[in-house]
Amino acid sequence: YSMWSAFRNCRKACYWRYIRELAPIKRDPRLSFGTLIHECLESWHRERDLSAVLRHLDERLPNRNQDEEQRRDYRLATAMMVGYANRYPAEEFEVLALEHTFEGEIVNPATRARSRSFVLAGKVDGLVRVGDEHYVLEHKTASALDGGYLERLWTDFQITLYAYYLEQALGIRIAGVL
């Protein structure tokens, strides 16, 4: 999905990143923060231990007393995870997999021809079960949650695509996304 998204936004950037496999030396701070929060949420869903999550933040941001960016990320991530743990101390779902990777063929729906060059691969935040139904567990971070963001979220192509491929790879029906 990342490659398709890059292609849609800028074909030249997609070429340099995915064909030539070149990446910036320094990662976008927003992406780094999103990764950090995903790591924290994975730990939370795996262990349900807030102290383990906070230890992870301590380890990942060791220079927070000297580095302003790390200090900001530490404070925000700590507040987010303490708030998350307080809001969701228990869940109604059973966690089946976290950071689950998958891949599948890309098939032309009109001709049924399979791509000879590409496969679709991805990683979902989680796969959970509520009763007899399976759901994709998806976490999103955003700098602002306004009406426009929330309106677009339910049509997120990445989530729809991942749910479809999980159904194919695991032979289960995905009832929805949490």
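Ala, Val, Leu, Ile, Met, Phe, Trp, Tyr, Cys and Pro count as nonpolar, Asp, Glu, Lys and Arg as charged, and the others, Gly among them, as polar. The model is predicted: local features need pLDDT of at least 70, side-chain atom pairs count only at pLDDT 80 or more, and totals for chains, interfaces and linings use all residues. Residues are numbered from 1 along each chain as its sequence is written, and side-chain values use heavy atoms, with hydrogens and water left out.

**Exercise 1. List the elements of the protein in order.**

Step 1. Use DSSP runs, numbered from the N terminus: helices are H or I with at least four residues, strands are E with at least two. The protein has seven helices and four strands.

Step 2. Read from the N terminus on. The elements run α-α-α-α-α-β-β-β-α-α-β.

Step 3. Add the extent. The C-alpha trace spans about 55 × 45 × 30 Å along its principal axes.

**Exercise 2. Work out the layout of the four-stranded sheet.**

Step 1. Find the pairs; two strands pair if DSSP finds at least two bridges between them. Strand 1 and strand 2 are antiparallel, over eleven bridges. Here Phe 102 stands opposite Gly 122 in strand 2. Strand 2 (residues 114–130) and strand 3 (residues 133–137) are also paired in the antiparallel sense, over five bridges. Leu 127 faces Val 136 of strand 3 as its opposite residue.

Step 2. Put the strands in order. The sheet is open, runs 1-2-3-4 and has mixed pairing. Strand 1 (94–107) and strand 4 (174–177) are its edges, each pairing on one side only.

Step 3. Take the twist. Axes are lines fitted to C-alpha atoms, for helices over the stretch in contact, and angles run from 0 to 180 degrees between N-to-C directions. Neighbouring strands are turned by 40° against each other on average, direction ignored.

Step 4. Add the packing helix, with contact meaning heavy atoms within 4.5 Å. Helix 7 (residues 157–170) packs on the sheet and touches strand 1, strand 2, strand 3 and strand 4. Its direction makes about 90° with that of strand 2.

Step 5. Check the hairpin of strand 1 and strand 2. Six residues lie between the strands, and Arg 112 takes a positive phi near 65°.

**Exercise 3. Classify the crossings of helix 1 with helix 2 and of helix 4 with helix 5.**

Step 1. Set the cut-offs. Angles under 35 degrees count as roughly parallel, over 145 as roughly antiparallel, 65 to 115 as roughly perpendicular and the rest as oblique.

Step 2. Take helix 1 (residues 2–9) and helix 2 (residues 11–19). Their axes come within 6 Å and cross at roughly 150°. Helix 1 is therefore roughly antiparallel to helix 2. The contact uses Ser 2, Met 3, Ala 6, Phe 7 and Asn 9 of helix 1, with Arg 11, Cys 14, Tyr 18 and Ile 19 of helix 2. By class, six are nonpolar, two polar and one charged.

Step 3. Take helix 4 (residues 50–60) and helix 5 (residues 68–87). Their axes come within 11 Å and cross at roughly 170°, so the two are roughly antiparallel. On helix 4, the contact residues include Leu 50, Val 53 and Leu 54. Helix 5 brings, among them, Tyr 74, Ala 77 and Met 81. This contact has nine nonpolar, one polar and one charged residues.

**Exercise 4. Describe the lining of the largest cavity.**

Step 1. List the residues. The lining holds His 38, Leu 41, Glu 42, His 45, Leu 98, Glu 99, Asp 125 and His 139, where a cavity is a set of points on a 1 Å grid over the protein atoms alone where a 1.4 Å probe fits but cannot get out, and lining residues have an atom within 4 Å of a point.

Step 2. Assign elements. Helix 3 (29–47) and strand 1 each give two or more residues. Helix 3 gives the most, with four.

Step 3. Sort by class. The lining divides into two nonpolar, three polar and three charged residues.

Definitions and conventions
1 Å grid on protein atoms, 1.4 Å probe; cavity = no way out; pocket = protein on both sides within 12 Å on 5 of 7 lines; lining within 4 Å.
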